Amino acid sequence: MSNSLPQSGRAAAQILDELKGFASLDPKYKEGRLWSLSYYLDEDFEKFLGQAYQAFSGANGLNPSAFKSLKRFENEIIGITTHLLHGPAEACGVLTSGGTESCLLAVKTYRDLAASQRRVKKPEMIIPVTAHVAWFKASEYFGVKLRLLPLDAQLRADVSRLEGLINRNTVMILGSAPEYPHGTIDPIEAMGEIAQRHAIPLHVDACVGGFILPFMELNGRALPLWDYRVPGVTSISADLHKYGFAAKGASTISYRNLDYLKHQMFVYQDWPGGVFASPALLGTRPGGAYAAAWATLQYFGQSGYRELAARTCEAVDRLSAGIEAIAGLKLLVAPQGPLLAYGSIDPAVNIFAVGDQMDARGWSINRLQNPDGLHAMVTAQHLAVVDAYLADLQAAVATVRSHPELAQQGSAATYGMLSHVPLRGLVKRRVLDIFAAMYAPGGGAIDLSASVDNAGTEPDAAHGKTPLLERLMMKYVSWKSRQR
Ligand SMILES: *Cc1c(COP(=O)(O)O)cnc(C)c1O
């Protein structure tokens, strides 16, 4: 690692060459080995995206009246999006840097709306336990208390519990379409009816679903209603940089009308730098990302997105059937969108050990907790690797069955401990310590099972005490033995 700026500049060709080398350390997303984080098609499309991005990479959307090009991209993208989501003619919105920004903005908007219209001073919001972490972050950032909605048997928000959580401090209700952990669509119609009856805004988080569910529906899939066709829905977040296949750094938040969106905006009229108005969280807004998003929508058109959705659904269907056919595994719930979650129904098959075995076979798969499981965010690109994935999954399960000790080793042991130890505060502290160490000078890759030395500064060790992770592990073991 080099911590110093080169004494003098280097040749562009040499730097670009070196960049290629860096990529070799990353997950093999271009080969369909990664089941989260990335939405990749092929090199030709990647090049097109890069060219569109580059054409506007110096342009700044901070002030929407300066770069007319960017405002036009924004207008047209929001228009296309609200049209796809069956918004009324008055629907409006803003381009953001990503799903998290869109979610944070909704919370800020509804907190401020309730403060100005109803003088709510101790704001609360109701979100399902499966809401994306961005909503938990928003709660912390903006001081909006969470009321968590539990799940029903189909792992969707339990709408029968919604009304009981509403009070005069409720500033918004959230539903997801779909939620990230299991891919289920919350019962938005029933939630919308309750929200409307109590005159509380209902946001639908379609960050992951916004640019695939509409095309699945056009392809003839039967889906519940979740967009602006549901009268109680007041806003929707939809990410362009997920199933829209835009370059990273592009999402949308739209509202049923301007009366909501106004509360998202920030104006400061007395700044010595000039009168300042901003529609979203960022100051400088990346023109390249917005140009690439606009270009992507033009490139695919409705037929292109329908084809991508069809290929994705085929991959999801084949994976679902294949997983259900492996003895010991079961889908946690039937998928309604492009996301899959599966777990073990056999005590001899530790699902996290299966995950380790899949890692060893070159796949990168996310782990779930409550309940334990493995996750797949499926894209059109994955259709080509479905058979290889299922063959490896079958082999992974067989290995885990014949080697019960694997459940107590590697990341299986760590994930098992992190998701089951009842001391959640300790888990939080330990993860924070390890995570912070990644950001210490020279901090490297995260490794939850890292030894104290690798993790860098270790306050507990420094005080001669047993490191937190080991203490956690001991509590976990004794807790587990009491369960038997
Ligand atoms: C991905 C996602 C987000 C957050 O989006 P980022 O672009 O990663 O910030 C929010 N909600 C849902 C449902 C998501 O899947």
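A residue counts as buried here when its relative accessible area is under 20%. Keep that cut-off in mind as we walk through this predicted model, looking at its aromatic rings.

**First stop: Phe 45.** Select Phe 45 and look at its surroundings. Its relative accessibility is 3%, so Phe 45 falls under the 20% cut-off and is buried. Now add Phe 48, which at 27% relative accessibility is partly exposed. Both belong to helix H2, and because they are three residues apart there, about one helical turn separates them. Their rings form a tilted aromatic pair, with 6.1 Å from centre to centre and 35° between the planes.

**Second stop: Tyr 39 and Phe 245.** Across the whole structure, a search finds 22 aromatic pairs. In one of them, the ring centres of Tyr 39 and Phe 245 are 6.2 Å apart and the planes meet at 85°, so this pair is edge-to-face. Where does each partner lie? Tyr 39 is in the loop between helix H1 (12–23) and helix H2 (43–55), while Phe 245 is in the loop between strand E6 (233–239) and strand E7 (251–255), so the pair ties together parts 206 residues apart in sequence. Tyr 39 is buried, at 10% relative accessible area, and Phe 245 is buried too, at 3%.

**Third stop: the cluster.** Keep those four residues selected and add Phe 215, Tyr 243, Tyr 299, Phe 300 and Tyr 305: ring pairs link them all into a cluster.

**Last stop: Arg 33.** Finally, select Arg 33 together with Trp 363. The charged end of Arg 33 sits over the Trp 363 ring, 3.8 Å from the ring's centre.

Terms used
Residues numbered from 1 in each chain as written. Predicted model: local features only at pLDDT ≥ 70, side-chain atom pairs only at ≥ 80, totals over all residues. Heavy atoms only, no water. Phe/Tyr/Trp six-rings, centres within 6.5 Å; stacked < 30°, edge-to-face > 60°. Helix = DSSP H or I, 4+ residues; strand = E, 2+ residues; numbered from the N terminus. Buried < 20%, exposed > 50% of the residue type's maximum accessible area, 1.4 Å probe, protein only. Lys NZ or Arg CZ within 6 Å of the ring centre and 35° of its normal.
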